[in-house]
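Please look over the chain shown below and follow its strands from one end of the sequence to the other. The paragraphs after it go from overall dimensions to the pairing of individual strands.

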Amino acid sequence: MEALDLSFNMLSGLLLSCFDSMSVLSTFYMDNNLLTGALPSLNELEQLSEFNISSNGFSGSIGDSFCSSTGIVFFDISNNEFSGPWPECLTDSVRLQDVLLNNNLFTGPVPASVGKLRSVIIFQLFENFFSG
């Protein structure tokens, strides 16, 4: 399977870490559901290019959940309750064009390494608690 789109389905509960067998998945959409809890590691999704889990109830830190997915082009985790610092390994995604982190609870400075994101077209960080 290369694409998974379960948007607008009223899915609830936790997003389970069952993506190990989907290493060729390039499109992952689960936006506008009722999913909650922490985001499991998605490092097995090395081919991931589009990721959208916006408008759910996810919380906690992003950490290194996406560090092996350096080919991400579209990344939307807006309208959740993610917290903690800027997800540093996002700046390793040289193809990244759309970054939507708005309406979360992120804190701390936006690192200077954001300047490495040369392909970015849309960059939304509003309604967080970033500093600097």
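Accessible areas are obtained here by the Shrake-Rupley method with a 1.4 Å probe. On that basis the protein, which is a predicted model, has an accessible surface of about 6,400 Å², and carbon and sulfur atoms contribute 55% of that area. Of the 132 residues in the protein, 47% are buried, where buried stands for a relative accessible area under 20%.

The overall dimensions can be read next to these values. Along the principal axes, the C-alpha atoms of the protein occupy a box of roughly 40 × 25 × 20 Å. The radius of gyration is 14 Å, and because a compact globule of 132 residues would be expected to have a value near 14 Å, the two agree. Among the contacts in the protein with a separation of 6 or more, 41% are between residues that lie 24 or more positions apart in the sequence.

What does the secondary structure of the protein come to? There are zero helices and twelve strands, and reading along the sequence therefore gives the pattern β-β-β-β-β-β-β-β-β-β-β-β, a helix or strand being counted from DSSP runs.

Six strands form an open sheet with parallel pairing, and their order across the sheet is β2-β4-β6-β8-β10-β12. At its edges stand β2 (12-14) and β12, each of which pairs on one side only. Neighbouring strands of this sheet are turned against each other by 15° on average, with direction ignored. In general, the strands of a sheet pair through backbone hydrogen bonds, in either a parallel or an antiparallel manner.

The pairings can now be followed across the sheet. Strand β4 (residues 34-37) runs parallel to strand β6 (residues 57-60), and two bridges join them; here G37 has F58 of β6 opposite to it. On the way to the next strand, β6 and β8 are likewise paired in the parallel sense over two bridges, with S59 standing opposite E81 in β8.

Strand β8 (residues 81-84) in turn pairs with strand β10 (residues 105-109), again in the parallel sense and over two bridges. Within this pairing, S83 has L105 of β10 as its bridge partner, while G84 has F106 of β10. Which strand is joined to β10 by three bridges? That strand is β12 (residues 129-131), which runs parallel to β10, and in this pairing P109 stands opposite S131 of β12. With β12 the reader arrives at an edge strand of the sheet.

Terms used:
Residues are numbered from 1 along each chain as its sequence is written. This is a predicted model: local features need pLDDT of at least 70, side-chain atom pairs count only at pLDDT 80 or more; totals for chains, interfaces and linings use all residues. Side-chain values use heavy atoms; hydrogens and water are left out. Two strands pair if DSSP finds at least two bridges between them. Helices (H or I, at least four residues) and strands (E, at least two) are DSSP runs, numbered from the N terminus. Axes are lines fitted to C-alpha atoms, for helices over the stretch in contact, and angles run from 0 to 180 degrees between N-to-C directions. The radius of gyration is taken over C-alpha atoms; the globule rule is 2.2 Å times the number of residues to the power 0.38. Buried means under 20% relative accessible area, exposed over 50%, partly exposed in between (1.4 Å probe, protein chains only). Contact means heavy atoms within 4.5 Å.
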